[in-house]
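Subject: Structure handover

Hi,

Here is the structure I promised to pass on. Please open it next to this message and follow along.

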Amino acid sequence: MRAARTLASLDEVGAGDHVCQLLEPGDDVIDRSRAFVADGALFGDKVVIVGAAPRVTGEFALTVLDPARSQGSLLAAVRREAVNAGREGFRALRVLHHVTRAAGGRRSDDLLRSELDLEEFAADSGALVVCAYSVTDWDASTLEQIGCVHPHHLGSRPASPSFQVYRTAKDSWTVNGVIDADGALAFATILRTLLAQSTTVRLLCHELDFFDAAGMSALADAARHLPERKVVLEGTNDTVRLAWELSGFEGPGIPVVMAP
Amino acid sequence: MNRYSLRRASASSDPGYRHELYPYSGPDEFLEGTLGFIRDALDGGEAVVVAVPEDKTTLLRGELPDDPALRYVDTTAVAHHPGRLIGAWREWIDEHASRGRPVRGVGESAWGDARSRVEVEELRYHEWLLNKAFADGPAWWLLCPYDVAGESAALKQMARCHAELRTDGRTTPCADYDPQAPFDFAPLTRPCDPYEEFVYTRGDLAALREKIGACAEQLGLHGRRLRELHLAATEVASNSIRYGGGRGVLRTWGEDRRLVCEFRDAGYIADPLAGRSKPTSTQIGGRGLWLVHQLCDLVEIRSTPDTGTVIRLHTDLPG
């Protein structure tokens, strides 16, 4: 079972991890991620860097995927590399994703979608994925949202999102932490993304400490948005279930099931 | 059946919502006034909802035969929670009305069992709010028996909340009632010393819950009740941040076996009925204060355009 955790260094990255790494001003992504990339050779992993070609590539055997030049989605390209890695005899795929703003900027909900794709990919394939974000390139609110869909965090200022949504099994996602007015927008975007991809989204809420009316409204709106889909929340406490009922959301018009 | 299927008020023949005060003293007078009211309704083919304390229900049951048009409702869950009573009345009359027949109600709050002066004040405010809640229909007639021999009896104040008065079986206009007059709130009590104070703004909701949790811990409040208080407090503080000038001040203290959390901000709640009716599933927003009333034991709201808003959440302490 995957679990959320904070890493002291990239040496601790293991199979299936999806790490959010925050880069301080002046940090070079390769310098800061050298251990992760170098460990590819040590463990027999294929290393893929997603982003513009790094400054120094000669010292490592690696493949570079430049999203600006690649055809199709990032996820499709990474999946192809994972298949190739298996065929080529590598133990696993090791992805360093240096996330930069494309021309014209990137919307935070697009970023969330992309990161949820990578989260699912890491969990299901066992790939090791590190996503590096420069704190100078992104505003605090976007970084907070991005942190929500990474179960693992690293950095001198590790992101501590108020809640996290991460893949736990083939058909379920764990939700932990606090979902209140501050995080409701991100939660809504995450839910809509998940609902767009599967008919039933199963959220394991045993570690969800707090869920307020704004979060519940976000859940109801997302579920209403795609009524032929269903959201099942397991492990909700009696307060969450009571508030859901009191809020008037319980009923056939909103395909959400709340279970203890 | 929803409330709009009830017969609506018409300007000429239908008086709309009628809110009648029935001052009485002792069980005999209670029965005398209420039995006449109920029998008139049943004889006229009207439905009746009775929401009175258990001892009064027993008295009425002893005098009236079972009748499908007469329903006694259980007020246990709402009797001491004035903020829940309007929502409860809406549900009771919606459930009981059928085929468009008129509805009457007999409603007596638990004045004698009120646990504090604050509860009495909020019960009286509820009586005043009823006039606004049902002003635009549906048409129904609520008789409020009021025991003038009770310890907390304040007939003149109650008369200001009722358009009509029942005396000796006759209904007359209530001279003290002015539908345009604001409610005459008693001043809020002073916070008990020592109290904790915390200024909150965007990003502080978690810290605010921690502050409340620390105070609750000291007073022995935890588990489900604390989670419910956290939820209610978050709704109020979120409203401060969104609508109350972006910030607010929290104060917490213990008082008479209750934890009180007070929120002050610069916002104004224009609708005195905010949070008093159950939201629909499709309603956008407007759930916060409803949840607050449902989750807290008692809620005080004071709001004016000049002085801003003060909301006090009272939570009974265990033991």
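Below is what I found, starting with a sheet in chain B and moving on to the contacts within and between chains. Please keep in mind that this is a predicted model.

**The sheet in chain B**

Start with the open sheet of chain B. Five strands build it, in the order β8-β9-β10-β12-β11. Their pairing is antiparallel. Two strands stand at the edges: β8 (196-201) and β11 (298-304) of chain B. Each has a single partner strand, so one side of each is left without a neighbour in the sheet. On average, neighbouring strands are turned by 15° against each other, direction ignored.

Look next at β10 (residues 258-265) and β12 (residues 308-316) of chain B. Eight bridges join these two strands in the antiparallel sense. One position to click on is Cys261(B), whose bridge partner in β12(B) is Leu313(B).

Which strands does helix α6 of chain B touch? This helix (residues 205-219) packs on the sheet and touches β8, β9 (247-255) and β10 of chain B. The direction of α6 makes about 5° with that of β9(B). Helix α8 (residues 288-295) of chain B lies across β11 and β12 of chain B. Against β11(B), α8 runs at about 145°.

**The two domains of chain A**

The domain assignment splits chain A into domain 1 (5-154) and domain 2 (163-259). Their centres, taken over C-alpha atoms, are separated by 27 Å. On the domain 1 side, 17 residues are in contact with 14 residues of domain 2. Together the two domains of chain A bury about 1300 Å² between them. Carbon and sulfur atoms account for 60% of that area. Which residues of domain 1 lose the most area to domain 2? They are Leu116(A), Glu120(A) and Cys148(A), together 38% of what that side buries.

Glu120(A) also forms a salt bridge with Arg167(A). The closest N and O atoms of that pair are 3.6 Å apart. Between domain 1 and domain 2 of chain A, the count is two salt bridges. There are also seven residue pairs in polar contact between these domains.

Where does the domain 1 side come from? Each of α4 (108-125), α5 (140-148) and β7 (152-154) of chain A supplies at least two residues that touch domain 2. The largest share comes from α4(A), with nine residues.

**Where chain B meets chain A**

Now the interface between the chains. Here 22 residues of chain B are in contact with 21 residues of chain A. The chains bury about 1700 Å² between them, 59% of it on carbon and sulfur atoms. How many salt bridges link chain B and chain A? The count is two. In one salt bridge, the side chains of Asp180(A) and Arg209(B) meet at 3.0 Å, N to O. Seven residue pairs are in polar contact across this interface.

On the chain B side, α6, α7 (223-243) and α8 each give two or more residues to the face that touches chain A. Helix α7(B) gives the most, with eight residues. Two of these elements have come up before: α6 of chain B packs on the sheet, and α8 of chain B lies across β11 and β12.

Best wishes

How values were computed: Residues numbered from 1 in each chain as written. Chains lettered and ligands numbered in written order. Predicted model: local features only at pLDDT ≥ 70, side-chain atom pairs only at ≥ 80, totals over all residues. Heavy atoms only, no water. Pairing = 2+ DSSP bridges. Helix = DSSP H or I, 4+ residues; strand = E, 2+ residues; numbered from the N terminus. Axes fitted to C-alpha atoms, helices over the stretch in contact; angles between N-to-C directions. Contact = heavy atoms within 4.5 Å. Domains from an automatic or database assignment. Buried area = accessible area lost by both parts, 1.4 Å probe. Salt bridge = Lys/Arg side-chain N within 4 Å of Asp/Glu carboxyl O. Polar contact = N/O pair within 3.5 Å; in protein donor to acceptor, adjacent residues only side chain to side chain.
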